[in-house]
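Here's a quick briefing on charged pairs and enclosed space. Have the coordinates open while you read.

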Amino acid sequence: MSCVFQRHTQQSYPVAQHGEGCYIIDSEGRRYLDASGGAAVSCLGHDHPAVIQAVKDQLDRLPYAHTSFFTNQPSEDLAEHLIARAPAGLAKVYFVSGGSEANETALKLARQYFVGIGQPQRHRFIARRQSYHGNTMGALSVGGNMTRREMFEPMLMEVSHIVPCYAYRYKRPGETDAAFGRRAADELEAEILRLGSETVAAFIAEPVVGATSGAVPSVPGYFKRIREICDRYGVLLILDEIMCGMGRTGTLFACEQDDVAPDLLTCAKGLGAGYQPIGATLVAGRIFEAIASGSGFFQHGFTYIGHPTACAAGLAVQRAIEDEDLLARVQERGAALRARLEARFGNHHHVGDIRGRGLFLGIELVAERASREPFDPARKVFARVRAEAMARGLMCYPGGGTIDGKRGDHILLAPPYVIEDGQLDTIVARLGDAVDAATAPAVAEG
Ligand SMILES: Cc1ncc(COP(=O)(O)O)c(C=O)c1O
């Protein structure tokens with residue numbers, strides 16, 4: 001009997017024992033092809049020698065030193081690496097241990113910035129429905145994932161949630177992408193005005209929505225309009241690239257493809273690729289300057305910020321992405337995977353939409369393709385897909401409540417950037433069988 005408090009207490013899990021390229025092998029010797037990087041984390045597979053060596057070398061030198069006493073070279077080098085490649089205006093990096101901490105940091109930085117520049121009335125945040133920003137209280141408050149919020153609703157801070165830029169479900173019949181993007185973005189302006197623009201601190205959004213909706217990119221022009229609105233009202237733009245950043249969509253930062261630069265940008269998963277827990281908040285120079293020229297102290301901090309071994313892993317991962325030309329590989333393999341998904345599922349009765357960017361792809365499952373009617377949530381089709389895929393030696397990342405927190409099912413695919421061409425065929429073949437098994441009427445009645 002395990003003493004570990006597992007995610008689902010009534011489920012038993014295989015014991016992950018070895019990593020071999022894009023495979024995880026369990027203690028019984030079963031092999032699982034990782035088509036989701038866990039939760040879009042393991043972008044270099046599970047045994048990258050240079051990253052493992054970098055972690056070992058740092059452990060030999062110095063595992064950890066608290067940042068109230070010291071800085072350390074891996075954090076200096078990783079910050080320099082990221083800032084040299086970051087969207088315009090981002091100048092500093094605050095390293096944490098994961099995505100929720102990175103967003104918590106961004107929210108508090110936004111608040112302290114406004115207090116520092118003499119606008120203490122700015123304390124409100126606006127976010128989008130069908131988003132996920134983490135499970136700590138601040139991050140959960142801005143998140144729009146109803147299932148994750150429900151239990152804690154009375155404890156969350158008040159946050160406005162506007163329509164997501166989710167064309168398959170929210171674009172009206174006959175509406176162009178441009179008109180839909182404009183309408184969706186304009187909800188931000190309306191909400192800023194409703195709240196009183198002088199009270200709004202920031203708007204937070206994922207450039208490509210990950211776990212909650214299944215790789216939903218915005219339509220062209222949407223984020224440019226969002227940026228304009230933020231600028232007009234002095235509202236900060238926080239982009240959450242925890243899942244979609246660090247090369248996942250084919251550019252190091254997802255927002256490069258939307259041609260916008262945020263004031264704060266958060267990243268995590270692909271930053272350390274699972275070799276160490278690490279996240280980061282990238283900060284605009286003007287925000288840093290406001291704090292530096294004010295109290296000089298950000299009223300925040302965690303024990304493990306700037307962790308040397310985590311930063312050493314992150315640096316080695318980022319160098320591997322560059323040295324191995326992996327962004328080009330993500331673009332090429334992403335296009336190849338998408339083409340194969342379209343060939344397998346393009347006319348599938350239970351697949352409504354195939355979407356995403358790079359190696360960050362989503363499939364939305366429906367009860368009926370023509371009407372886009374979702375499955376009855378009671379069937380938990382997404383959970384069945386996960387189980388059927390695992391039984392076939394495939395890891396994918398399905399989710400439910402895709403449309404509105406209750407209805408809808410999707411599958412997220414985010415394989416390692418080092419996935420081989422032949423492995424794409426295995427992913428599609430196993431996923432096809434898993435989807436057929438999970439959506440078959442006999443399963444529903446059983
Ligand atoms: C977009 C996004 N933001 C934040 C988080 C939270 O990250 P973590 O689980 O590392 O705290 C996640 C995790 O899935 C995420 O996908």
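Is Glu 153 buried, partly exposed or exposed? Glu 153 comes out as partly exposed, at 37% relative accessibility. Keep in mind that this is a predicted model. Across the whole structure, a search turns up 28 salt bridges, and there is 1 cavity of 30 Å³ or more.

**Arg 149 and Glu 153**

- Arg 149 and Glu 153 pair up through their side chains in a salt bridge, with 2.7 Å from N to O.
- Arg 149 has a relative accessible area of just 6%, so Arg 149 counts as buried.
- Its partner Glu 153, at 37%, falls in the partly exposed class, because that class covers the range between the under 20% cut-off for buried and the over 50% cut-off for exposed.

**Lys 171 and Asp 177**

- Another salt bridge links Asp 177 with Lys 171, and here the closest N and O atoms sit 2.8 Å apart.
- Asp 177 is partly exposed, with a relative accessible area of 35%.
- Lys 171 is also partly exposed, at 31% relative accessibility.

**Arg 227 and Asp 263**

- The side chains of Asp 263 and Arg 227 form a salt bridge at 2.9 Å, N to O.
- Asp 263 belongs to the loop between strand E10 (236-240) and strand E11 (264-267), while Arg 227 is in helix H9 (residues 222-233), so this pair ties together parts that are 36 residues apart in sequence.
- Asp 263 is buried, with 5% relative accessibility.
- Arg 227 counts as buried too, at 13%.

**A shared network**

- Some salt bridges share partners, and these join Arg 182, Asp 186, Glu 189, Arg 225, Glu 228 and Arg 232 into one network.
- If you want to trace it in your viewer, the arginines in it are Arg 182, Arg 225 and Arg 232, and the acidic members are Asp 186, Glu 189 and Glu 228.

**The cavity**

- The largest cavity holds about 30 Å³ of space.
- Which residues line the largest cavity? The lining is made up of Arg 128, Pro 164, Cys 165, Pro 207, Val 209, Val 216, Pro 217 and Ser 218.
- By class, that lining splits into 6 nonpolar residues, 1 polar and 1 charged.
- The charged one is Arg 128 and the polar one is Ser 218, because Arg counts as charged, while Pro, Cys and Val count as nonpolar.

How values were computed: Residues numbered from 1 in each chain as written. Predicted model: local features only at pLDDT ≥ 70, side-chain atom pairs only at ≥ 80, totals over all residues. Heavy atoms only, no water. Salt bridge = Lys/Arg side-chain N within 4 Å of Asp/Glu carboxyl O. Buried < 20%, exposed > 50% of the residue type's maximum accessible area, 1.4 Å probe, protein only. Helix = DSSP H or I, 4+ residues; strand = E, 2+ residues; numbered from the N terminus. 1 Å grid on protein atoms, 1.4 Å probe; cavity = no way out; pocket = protein on both sides within 12 Å on 5 of 7 lines; lining within 4 Å. Points joined across faces, edges and corners; volume = space filled by probe spheres on them.
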